[in-house]
Amino acid sequence: TFFSSYLNTTCHRKKKLLAIMNPNILHACQYLIHFHEARNDKILVFLDDIKPLVMLSAKFERDCVRGDTKAAEREKLFESFKMAPGSKTLF
């Protein structure tokens, strides 16, 4: 199970990733995104690790801005997030 994998892992990095990818956190994130998007709220999702950020943005099929995102693409994504009605969540 997830919890036993977390408890039995001695690698700090793996334990951190497992904590971030905790299924309960994923369910809470999914609930909050759906709840706020239904209200037409704008949502910015921040994570302290790039791997789960990319994974979650792909899972929820939402745009993602990372450190290596080119300036022009970053500007386009932020502008779309601000102005486009269909763009409600940005990772």
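1. How far is the sulfur of Cys-64 from the closest cysteine sulfur, and in which residue does that sulfur lie? The closest one belongs to Cys-29, at 12 Å, which is too far for a bond. This is a predicted model, and it holds 0 disulfides.

2. Burial of the cysteines should be read alongside this. Cys-64 has a relative accessible area of 18% and is therefore buried, given that buried means under 20%. Cys-11, at 40% relative accessibility, counts as partly exposed.

3. Cys-29 and Cys-64 both belong to the largest nonpolar core, which has 10 residues in all. The other members are Leu-26, Ile-33, Ile-43, Val-45, Leu-53, Leu-56, Phe-60 and Phe-91. Two helices, α3 (23–38) and α4 (50–59), each supply at least two residues of this core. The largest share, 3 residues, comes from α3.

4. Ile-43, one of the core residues, has a set of contacts beyond its neighbours within four places in sequence. These are with Leu-32, Ile-33, His-36 and Glu-37, and also with Phe-81, Lys-88, Thr-89 and Leu-90. Of these partners, Ile-33 is itself listed in the core.

5. Ser-87 sits in the loop that runs between α5 (71–83) and β2 (89–90). Despite the loop position, Ser-87 is buried, with a relative accessible area of 12%. With neighbours within four places in sequence left aside, Ser-87 is in contact with Lys-42, Ser-80 and Phe-81. Phe-81 also appears among the contacts of Ile-43.

Definitions and conventions
Residues numbered from 1 in each chain as written. Predicted model: local features only at pLDDT ≥ 70, side-chain atom pairs only at ≥ 80, totals over all residues. Heavy atoms only, no water. Core = buried A, V, L, I, M, F, W, Y, C linked by side-chain atoms within 4.5 Å. Buried < 20%, exposed > 50% of the residue type's maximum accessible area, 1.4 Å probe, protein only. Helix = DSSP H or I, 4+ residues; strand = E, 2+ residues; numbered from the N terminus. Contact = heavy atoms within 4.5 Å. Disulfide = S-S within 2.5 Å.
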